[in-house]
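Open the model in your viewer and keep the selection tool at hand. We will go stop by stop, with something to select at each one.

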2 protein chains.
Amino acid sequence: MSADLTKQVLRGDIRALAALMTLIENHEPAATAVLKSLFPHTGHAHVIGVTGAAGVGKSSLIDGMTAEYRKRKKSVGILAVDPSSLFSSGALLGDRIRLRRHFADPGVYIRSFATRGATGGVSAALRNAIHALDAAGKDVVIAETIGVGQDEVEIDALVHTVLLVLVPDMGDEIQAMKAGVTEIADLLVVNKADLPGADLTVQQLRAAFSTVEVVTTAASNGDGIEQLVDAIEKHRVESIANGEYAHTQFRLCREELLDLLRQRVMRRLAAKMNDPALDEIVRRIAERRLDPYTQLDVIAEKLGF
Amino acid sequence: MSADLTKQVLRGDIRALAALMTLIENHEPAATAVLKSLFPHTGHAHVIGVTGAAGVGKSSLIDGMTAEYRKRKKSVGILAVDPSSLFSSGALLGDRIRLRRHFADPGVYIRSFATRGATGGVSAALRNAIHALDAAGKDVVIAETIGVGQDEVEIDALVHTVLLVLVPDMGDEIQAMKAGVTEIADLLVVNKADLPGADLTVQQLRAAFSTVEVVTTAASNGDGIEQLVDAIEKHRVESIANGEYAHTQFRLCREELLDLLRQRVMRRLAAKMNDPALDEIVRRIAERRLDPYTQLDVIAEKLGF
């Protein structure tokens, strides 16, 4: 079954992709088997992360970018992380409905992921979903996540190009976000640029983040989308030329390997939970006959890891 | 220095305790050295967790409990987890000021911990602080944390007796919290019981959680505090008699050992970050010459863990 699924995904079959995405979202072991055989076929897609606070218009922007990439004959995969049950926001739903116009286009694949469970789990699922779309031959994969902060998915560990979407009149917020932004954003997008205050916001951003390009869009009427995709492509081409792109590929592989090693360790630890040797060690600690601080290496070795 | 600090803490010296608490809060390696030598002297204190939403009056309740325990000639250590910079709530501060009346009492030690950084870090710091107060000879250690939910400190992994503090008129919330409560709470405290709706809330709680004792208090005027401490002591004595207390001691040691093993693994992983062997492996993965999914065990072994 997993061999069939692999073949179908490589062919870009939409039903097979959907089946694989469900396995990935539910962290089913069957997903790993498929991902293993897909692995040699990955590494070709340009992966773009679109992040920013709720309400800045990320979905409309992605809708516009998708239309533009399709004009340029590129196939597109879209992955959106939903803050699931926490907010069942109408605005969010409205934006998603907009994306539906691409549902009939076989060159576009769209999938939402719920953020239930731990953040680490969402990151792993999103990374695997990117691999699946990459192997399925999508030229561009766009991942939408919410926010820039400590609790969210670390988008820069998953994608080649990070777009941080803002809206006019963010004054104080620009200062507040100063710390993390320059490290992760490759492009700053001021969306809803038809609103008052857009020019001032752009000025402030250029002053605060001189090394990051700022692009203005009004996704609702399509203004600036072509220029945005130009800017993304320019960033990609320049990155390839100056070696930054290869470095990013390396960094993403490194992050994934470290995650896989972390998961392996946690699985091994979980497997020890019912080991009678563990209970015996705990009993001696509880009786203060064994000191877990000084004897940790010995204990770890005894438990076999 | 660490030997001196150990001796002073064992003597119950307040300055030494404060110095150790700071080392613990900052996760300094020096804290571990002291905790190692304190370890044989731990396991005597009765550790009580007081949890509940912001504003239910946890600090006032702890203030009252402390006065009652002092009447009974028990020394008391109080550890409060502060949601730090996130909220600089006046109410919280007001409550804490109330606790100040115990500052002059050498039989009471009070310390707040900021919740900056990861949840896991706070849990570890709180656990170590409990050990310190335990070794310093405190008969009772009271740990105050906020809320019952997935993001908070898992208080039942740290204490012998969990008090969940509620206020009247919680109707819907009682239903909502149904799942987690009975697993962690040993006593339900309806504080501010002088407010309207207290009787109904108690009835609802008794109906919903028939196996957990419900106690009413009005901490602001001291009503019910003596009965609350009686109930806590009854729970402790019965637990010791029926073996539940020993089981809890075992469970707390187990949780700590698993945490220590997890931390050890993460440290080992962090130490590999600059290993040239890791970079070479990542390079081969990036070039799709090595498959991290099938080769994970081999990779882990190569990296030495």
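**Stop 1: a pocket**

Select T32(A), L260(A), Q263(A), R267(A) and Y293(B). In this predicted model, these residues lie nearest the centre of the second largest pocket. Its lining counts 22 residues in total. The volume of this pocket is about 520 Å³.

Now colour by element. Which helices each supply at least two residues of the lining? From chain A they are α3 (29-38), α6 (119-135) and α10 (244-271). From chain B, α12 (296-302) joins them. Put α10(A) in a strong colour: six lining residues come from α10(A), the largest share.

Switch to colouring by residue class. The lining of the second largest pocket shows nine nonpolar, five polar and eight charged residues.

**Stop 2: the interface**

Show chain A and chain B as two surfaces. On the chain A side, 43 residues are in contact with 43 residues of chain B. The two chains bury about 4400 Å² between them. Carbon and sulfur atoms account for 75% of that area. Which residues of chain A lose the most area to chain B? Select F39(A), R288(A) and Y293(A). Together they make up 20% of what the chain A side buries.

Next, look for charged pairs across the boundary. Four salt bridges span the interface of chain A and chain B. Zoom in on R264(B) and D297(A). Their side chains form a salt bridge, 2.8 Å from N to O.

Move on to R254(A) and D279(B). This pair also forms a salt bridge, with the closest N and O atoms 3.4 Å apart. It crosses between chains: R254(A) sits in helix α10 of chain A, and D279(B) in helix α11 (residues 276-286) of chain B. D279(B) has a relative accessible area of 27%, so it counts as partly exposed.

**Stop 3: salt bridges within a chain**

Over all chains, the structure holds 28 salt bridges. Select R72(A) and D230(A) next. Their side chains meet in a salt bridge at 2.8 Å, N to O. Where do the two partners sit? R72(A) is in the loop between α4 (58-71) and β2 (76-82) of chain A, while D230(A) is in helix α9 (residues 225-242) of chain A. The pair therefore ties together parts that are 158 residues apart in sequence. R72(A) is partly exposed, at 28% relative accessibility. D230(A) is partly exposed too, with a relative accessible area of 39%.

Jump to chain B and select R72(B) and D230(B). Here the side chains meet in a salt bridge of 2.8 Å, N to O. This pair links distant parts of chain B, 158 residues apart. D230(B) belongs to helix α9 (residues 225-242) of chain B, and R72(B) to the loop between α4 (58-71) and β2 (76-82) of chain B. D230(B) has a relative accessible area of 40% and is partly exposed. R72(B), at 28%, is partly exposed.

Return to chain A and add E68(A) and K71(A) to R72(A) and D230(A). Salt bridges that share partners join these four residues into one network.

**Stop 4: two residues in chain B**

Select A132(B), in helix α6 (residues 119-135) of chain B. Is A132(B) buried or exposed? A132(B) is buried, because its relative accessible area is 0%. Leave out residues up to four places away in sequence and display what A132(B) touches. You should find V9(B), L17(B), L20(B), M21(B), I24(B) and L38(B). Then draw a distance from A132(B) to I184(B), C-alpha to C-alpha. These atoms are separated by 24 Å, and the residues are 52 apart along the chain.

Now go to T248(B), in helix α10 (residues 244-271) of chain B. T248(B) counts as buried, since its relative accessibility is 7% and the cut-off for buried is under 20%. Which residues is T248(B) in contact with, leaving aside neighbours within four places in sequence? Select V159(B) and H160(B).

**Last stop: chain A as a whole**

Zoom out and show chain A as a cartoon. Chain A has 12 helices and seven strands. Of its 305 residues, 50% count as buried. Finally, turn on contacts in chain A between residues at least 6 apart in sequence. Of these, 78% join residues at least 24 apart.

Technical notes:
Residues numbered from 1 in each chain as written. Chains lettered and ligands numbered in written order. Predicted model: local features only at pLDDT ≥ 70, side-chain atom pairs only at ≥ 80, totals over all residues. Heavy atoms only, no water. 1 Å grid on protein atoms, 1.4 Å probe; cavity = no way out; pocket = protein on both sides within 12 Å on 5 of 7 lines; lining within 4 Å. Points joined across faces, edges and corners; volume = space filled by probe spheres on them. Helix = DSSP H or I, 4+ residues; strand = E, 2+ residues; numbered from the N terminus. Nonpolar A, V, L, I, M, F, W, Y, C, P; charged D, E, K, R; others polar. Buried < 20%, exposed > 50% of the residue type's maximum accessible area, 1.4 Å probe, protein only. Contact = heavy atoms within 4.5 Å. Buried area = accessible area lost by both parts, 1.4 Å probe.
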